[in-house]
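This report describes the fold, the surface and the charged contacts of one protein chain. The sequence and structure are shown first, and the description follows.

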Amino acid sequence: MQMRKDIGGVQTQELQAVVTQMEGILKDWQKTKATLRGVKEQVEIAMEWGELWNTVIGEIGLEIGALDRLVFEMEERRHRSALADGSGESASLDIGELETIVEETPPRGGRTTANNRFSLPPAFAQTSPIQAPAITSEKEDSNLLALFA
């Protein structure tokens, strides 16, 4: 304002009004600047929390995957041992036995479809997948401990 050439002709009331207006504008800008600093801090904190959240969720996902794998391996071993215990020999059927089962089973309702399901021999039906095998190996024990950990 002092640099203006016509400053000598401006009335005192107008100068005071302009100065008051400028002071109000400066105070408002200071409030805005403080608010923006607060928002910036909150955004930084939120981004850090987001990164931590993603890291933790990622680690939890990896742990769940490892647990799924352990449970699957243990169930497979249980099924294998249950089938082996129930049949008295290896728990696999050869193609010849499957063909004999298919040929000896009469078709239902005079039609045969590709989705027919046949029951397993009694040796396989006796074992329940819910029952745990009586013998546990050291590897199964270590898998159980890993699962609980």
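From the N terminus on, the elements of the protein chain run α-α-α-α. There are four helices in the chain and zero strands. The model is predicted, and the confidence of the prediction therefore deserves attention before any detail is discussed, because predicted coordinates should not be read in detail where pLDDT is low.

**Confidence**

The protein chain has a mean pLDDT of 74, with 59% of its residues at 70 or more. Confidence is highest in helix H1, which covers residues 12–87 and reaches a mean of 90. It is lowest in helix H3, residues 122–125, where the mean is 45. The pLDDT lies below 50 over residues 109–134, and this stretch has 20 contacts in the model beyond near neighbours in sequence.

**Burial and surface**

The chain has 149 residues, of which 5% count as buried. Its exposed area is about 13,200 Å², and carbon and sulfur atoms supply 59% of that area. Among contacts with a separation of 6 or more, 74% are accounted for by residues 24 or more positions apart.

Which residues form a nonpolar patch on the surface? The patch is made of Trp53, Val56, Ile57, Ile60 and Ile64, which together have about 490 Å² of accessible area. Val56 has its place in helix H1. This residue counts as partly exposed because its relative accessibility is 40%, between the limits of 20% for buried and 50% for exposed.

**Salt bridges**

Side chains of opposite charge can pair when their charged atoms come close. The structure holds two salt bridges, listed here with the distance between the closest N and O atoms.

| Salt bridge | Closest N and O atoms |
|---|---|
| Arg69 with Glu73 | 3.2 Å |
| Arg77 with Glu73 | 3.9 Å |

How many residues apart in helix H1 are Arg69 and Glu73? They are four residues apart, so about one helical turn separates them. Arg77 and Glu73 are likewise four residues apart in helix H1, which again places about one helical turn between the two. Through salt bridges that share partners, Arg69, Glu73 and Arg77 are joined into one network.

Are the members of the Arg69 and Glu73 pair buried or partly exposed? Arg69 counts as partly exposed, at 46% relative accessibility. Glu73 is also partly exposed, with a relative accessible area of 25%.

**Summary**

The predicted chain has four helices, with the highest mean confidence in helix H1. Helix H1 also holds Val56 of the nonpolar patch and the pair Arg69 and Glu73.

Terms used
Residues are numbered from 1 along each chain as its sequence is written. This is a predicted model: local features need pLDDT of at least 70, side-chain atom pairs count only at pLDDT 80 or more; totals for chains, interfaces and linings use all residues. Side-chain values use heavy atoms; hydrogens and water are left out. pLDDT is the predictor's confidence in each residue, from 0 to 100. Contact means heavy atoms within 4.5 Å. Buried means under 20% relative accessible area, exposed over 50%, partly exposed in between (1.4 Å probe, protein chains only). Accessible areas come from the Shrake-Rupley method with a 1.4 Å probe; for residues, only the protein chains shown count as cover. Patches are made of residues with over 30% relative accessible area and no salt bridge: like charges are joined within 9 Å, nonpolar side chains (Val, Leu, Ile, Met, Phe, Trp, Tyr) within 5 Å. A salt bridge is a side-chain nitrogen of Lys or Arg within 4 Å of a carboxyl oxygen of Asp or Glu.
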